[in-house]
Amino acid sequence: MSDDPTHVREFFGTRAADWDSRFPDDGPAYAAAVSELGLRPGDAVLDAGCGTGRALPPLRAAVGPTGTVLGADLTPEMLAEAVRAGRGGPNAGTLLLADVGRLPVRDGALDAVFGAGLISHLADPVAGLAELARVVRPGGRLALFHPIGRAALAARHGRQITPDDLRAEPRLRPLLAEAGWRLVSYVDEDARYLALAVREG
């Protein structure tokens with residue numbers, strides 16, 4: 001379910017301190033998803049809604065010391081946990097306290113965006129995805145990721161998958177297209193969810 005920034009900040013702010021300890025085994029799934037973005041040394045990449053920064057080390061490894069890694073999140077407590085875990089700074093990424101719907105990044109500055117668990121927390125999914133498209137060069141890539149698939153995530157929360165789930169391929173493909181992206185790969189398995197898109201234009 002999409003939500004406004006205040007609710008998102010409150011939800012994650014109260015959960016930041018023990019977030020990594022709740023999901024201690026997700027690291028390899030993040031690294032595997034990052035590897036599918038096709039990043040090269042020197043690329044510029046954003047982790048949108050970076051939380052505690054679990055994707056930042058593999059993103060840094062992919063772009064190397066000459067690349068640019070940004071992590072943007074609107075929850076100060078999550079960014080503080082990223083710093084505490086050593087995931088901020090030149091060896092990982094530059095952390096930005098920012099709403100991914102209004103990024104302090106110039107047009108076309110990035111080669112790729114990584115978004116873990118992001119789309120369901122965007123107040124306006126099309127506008128949010130369009131903002132991500134704005135900051136990525138034509139031909140750049142977007143990865144929408146979750147370390148478990150939709151069915152497993154729904155079961156974790158005691159729910160069933162519903163047809164109106166934004167992450168379902170029939171909903172996601174037109175959302176992405178409206179925002180300037182073309183869906184090129186879609187995987188929804190118990191062990192992971194990964195949708196890859198290319199910036200049109």
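Strands here are DSSP runs of E covering at least two residues, and they are numbered from the N terminus. With that in hand, welcome to a few exercises on this predicted model.

**Exercise 1. Getting oriented**

Task: Find how many helices and strands the protein has, and what share of its residues is buried.

Solution: Start with the elements: the protein holds 8 helices and 7 strands. Next, turn to burial, where a residue counts as buried under 20% relative accessible area. Buried residues make up 49% of the 201 residues. Then look at the surface: about 9300 Å² is exposed, and carbon and sulfur atoms supply 53% of that area. Finally, consider the contacts with a separation of 6 or more: 69% of them join residues 24 or more positions apart.

**Exercise 2. A strand residue with partners elsewhere**

Task: Work out which strand holds Thr68 and which residues Thr68 is in contact with beyond its neighbours within four places in sequence.

Solution: First, locate the residue: Thr68 belongs to strand β2, which spans residues 68-73. Second, check its accessibility. Since the value is 37%, and partly exposed covers the range between 20% and 50%, Thr68 counts as partly exposed. Third, list the partners. Leaving out neighbours within four places in sequence, Thr68 touches Asp43, Ala44, Val45, Arg60 and Val63. One of these can be followed in space: the C-alpha atoms of Thr68 and Val45 are 6.2 Å apart, although 23 residues separate the two in sequence.

**Exercise 3. Buried or exposed?**

Task: Decide whether Asp47 is buried or exposed, then do the same for Pro65.

Solution: Begin with Asp47, which sits in strand β1. Its relative accessible area is 2%, and because buried means under 20%, Asp47 is buried. Its contacts, apart from neighbours within four places in sequence, are Ala55, Leu56, Leu59, Leu70, Gly71, Ala72 and Phe114. Asp47 and Gly115 are 68 residues apart in sequence, yet 5.9 Å apart from C-alpha to C-alpha.

Now take Pro65, in the loop between α4 (56-63) and β2. Its relative accessibility is 81%, and because exposed means over 50%, Pro65 is exposed. The C-alpha atoms of Pro65 and Asn91 are 7.8 Å apart, with their positions 26 residues apart in sequence.

**Exercise 4. A glycine in a loop**

Task: Find where Gly88 lies and which residues it is in contact with beyond its neighbours within four places in sequence.

Solution: Gly88 lies in the loop between α5 (76-84) and β3 (94-97). At 26% relative accessibility, Gly88 is partly exposed. Setting aside neighbours within four places in sequence, Gly88 is in contact with Ala82, Gly93 and Leu95. For a view along the chain, Gly88 and Gly53 are 35 residues apart, while their C-alpha atoms are separated by 7.8 Å.

**Exercise 5. How a covered helix packs**

Task: Describe which residues of α6 are buried, what they pack against, and how α6 and α8 are arranged.

Solution: Step one is the cover. Helix α6, residues 125-134, has 7 of its 10 residues buried: Pro125, Val126, Gly128, Leu129, Glu131, Leu132 and Ala133.

Step two is the surroundings. These buried residues pack against the strands β1 (44-48), β4 (110-116), β5 (136-146), β6 (181-189) and β7 (192-199), and against helix α8 (169-179).

Step three is the geometry. Two packed helices are described by the angle between their axes and the distance between the axes. For α6 and α8 the angle is about 50 degrees and the axes are 8 Å apart. The two helices are therefore oblique to each other, and α6 passes α8 in a right-handed crossing.

Step four is the contact itself. Pro125, Val126, Leu129, Ala130 and Ala133 of α6 meet Leu175, Leu176, Glu178 and Ala179 of α8. By class, this contact has 8 nonpolar, no polar and 1 charged residues.

Terms used. Residues numbered from 1 in each chain as written. Predicted model: local features only at pLDDT ≥ 70, side-chain atom pairs only at ≥ 80, totals over all residues. Heavy atoms only, no water. Buried < 20%, exposed > 50% of the residue type's maximum accessible area, 1.4 Å probe, protein only. Helix = DSSP H or I, 4+ residues; strand = E, 2+ residues; numbered from the N terminus. Contact = heavy atoms within 4.5 Å. Areas by Shrake-Rupley, 256 points an atom, 1.4 Å probe, with all protein chains shown as cover. Axes fitted to C-alpha atoms, helices over the stretch in contact; angles between N-to-C directions. Parallel < 35°, antiparallel > 145°, perpendicular 65-115°, else oblique. Left-handed = near helix turned anticlockwise from the far one by under 90°. Nonpolar A, V, L, I, M, F, W, Y, C, P; charged D, E, K, R; others polar.
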